Amino acid sequence: MSSLSRELVLPILQFLEEEKLEGTVHKLEQESGFFFNMKYFEEKTLAGEWDEVEKYLSSFTKVDDNQYSMKVFFEIRKLKYLEALDKNDKTKAVVILVNDLKVFSTFNEDLYKEITHLLTLDNFRENEQLSKYGDAKSTRNIMLVELKKLIEANPLIREKLIFPPLKGSSRLRSMINQSLNWQHHLCNNPRPNSGNKTLFTDHTCSPLNGAGTPTSVTLPIAAIVRPSSYAPLGAHGLPFTPAPIAANVNVFAGWMVNANPSTSAQSPAVVASSLSCPPNQGETIHYKDSFEK
């Protein structure tokens, strides 16, 4: 989509949010790819809704796009696998191992074998590196910290994390009312209140003193100005330059990072590998009608 499309979609997202149409909001975020809603991602991660987490993330990046994306998907699927094992649901664990985790064996076959070996244990905490694994809720909170670092460093997503500032609330309504005000201003005898109550038809000019037939507004050619250019989004298509990660670092070096004694928020049993994340418009006729709230 073009930058013009982006500037059309974002006010719509704001409008949908204001109208509490949450499902539609997140669907449009995914289909347009213009805004990554970190709050929504956090909610679904903490709830353990892994299918929705992956579906939302996949709208912005794929597993093999870059090292950041690969690491995020790995951590999500690994945690999904461990939770299945913790519930002693080995059938589900096997499905996750084959369908979700096998893709990473290409990058670290030994690690994949170690993950597979966990199926043979009565309790995967018998594995030394997973001995401090807590319950699902606390583990998700710890892992979320790492996932956010990876997403914020990912060049395909980081520029989409902040919703651009829109002038005032209900920007979409404001733009519609501005358009109607301008159309009414072009009438030969504009009135303080145009009387239009619908967006389904073109604005019409009421005749003076109620005589004659209402006429539709014809915009002068000079009033229809095409934008000269829009700045490119600059997110998709950029070459991946993993600045925060050393070139020789294997993103799947093991199950854990070196524990930092001074940090209580991170458990070595959860994180797979260490990562350093880096004018005057002239006279205006105020159009007040049912379109304004």
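This report walks through how helix α4 packs in this predicted model, then looks at a few loop residues.

Residues are numbered from 1 along each chain as its sequence is written, and side-chain values use heavy atoms, with hydrogens and water left out. Since we're dealing with a predicted model, local features need pLDDT of at least 70 and side-chain atom pairs count only at pLDDT 80 or more, while totals for chains, interfaces and linings use all residues.

**The overall layout**

The protein chain has nine helices and two strands. Here helices (H or I, at least four residues) and strands (E, at least two) are DSSP runs, numbered from the N terminus. Read from that end, the order is α-α-α-α-α-α-α-α-α-β-β. Of the 293 residues in the chain, 40% are buried; buried means under 20% relative accessible area, exposed over 50%, and partly exposed in between (1.4 Å probe, protein chains only).

**Helix α4 and its neighbours**

Which residues of α4 are buried? They are Trp50, Val53, Glu54, Tyr56 and Leu57. Looking down the axis of α4, these buried residues fall within an arc of 165°, so they line one face of the helix. That arc is taken from the directions from the helix axis to the C-beta atoms. The cover over them includes α2 (22–32), α3, α5 (67–86) and α8 (136–153), where contact means heavy atoms within 4.5 Å.

Two packed helices are described by the angle between their axes and the distance between the axes. Axes are lines fitted to C-alpha atoms, for helices over the stretch in contact, and angles run from 0 to 180 degrees between N-to-C directions.

Take α3 (residues 38–46) with α4 (residues 50–58): their axes come within 8 Å and cross at roughly 155°. That makes α3 roughly antiparallel to α4; angles over 145 degrees count that way, with under 35 roughly parallel, 65 to 115 roughly perpendicular and the rest oblique. The crossing of α3 and α4 is left-handed, meaning that the near helix is turned anticlockwise from the far one by less than a right angle (clockwise would be right-handed). On the α3 side, Tyr40, Phe41, Lys44 and Thr45 do the touching, and they meet Trp50, Glu52, Val53, Tyr56 and Leu57 in α4. Sorted by type, the residues of this contact are six nonpolar, one polar and two charged. Ala, Val, Leu, Ile, Met, Phe, Trp, Tyr, Cys and Pro count as nonpolar, Asp, Glu, Lys and Arg as charged, and the others, Gly among them, as polar.

Now for α5: α4 packs against α5 at an angle of about 170°, with the axes 11 Å apart. The two are therefore roughly antiparallel to each other. From α4 come Trp50, Asp51, Val53, Glu54, Leu57 and Ser58, which meet Val72, Phe73, Ile76, Arg77, Leu79, Lys80 and Glu83 in α5. This contact divides into seven nonpolar, one polar and five charged residues.

**Loop residues**

Three loop residues are set out here.

| Residue | Loop | Relative accessible area |
|---|---|---|
| Lys20 | between α1 (3–18) and α2 | 65%, exposed |
| Asn88 | between α5 and α6 (90–101) | 56%, exposed |
| Asp65 | between α4 and α5 | 35%, partly exposed |

Most residues other than glycine have a negative phi. Lys20, though, has a positive phi near 65°, and Asn88 has a positive one near 60°.

And Asp65? Its C-alpha atom is separated by 8.6 Å from that of Leu156, 91 residues apart along the chain.
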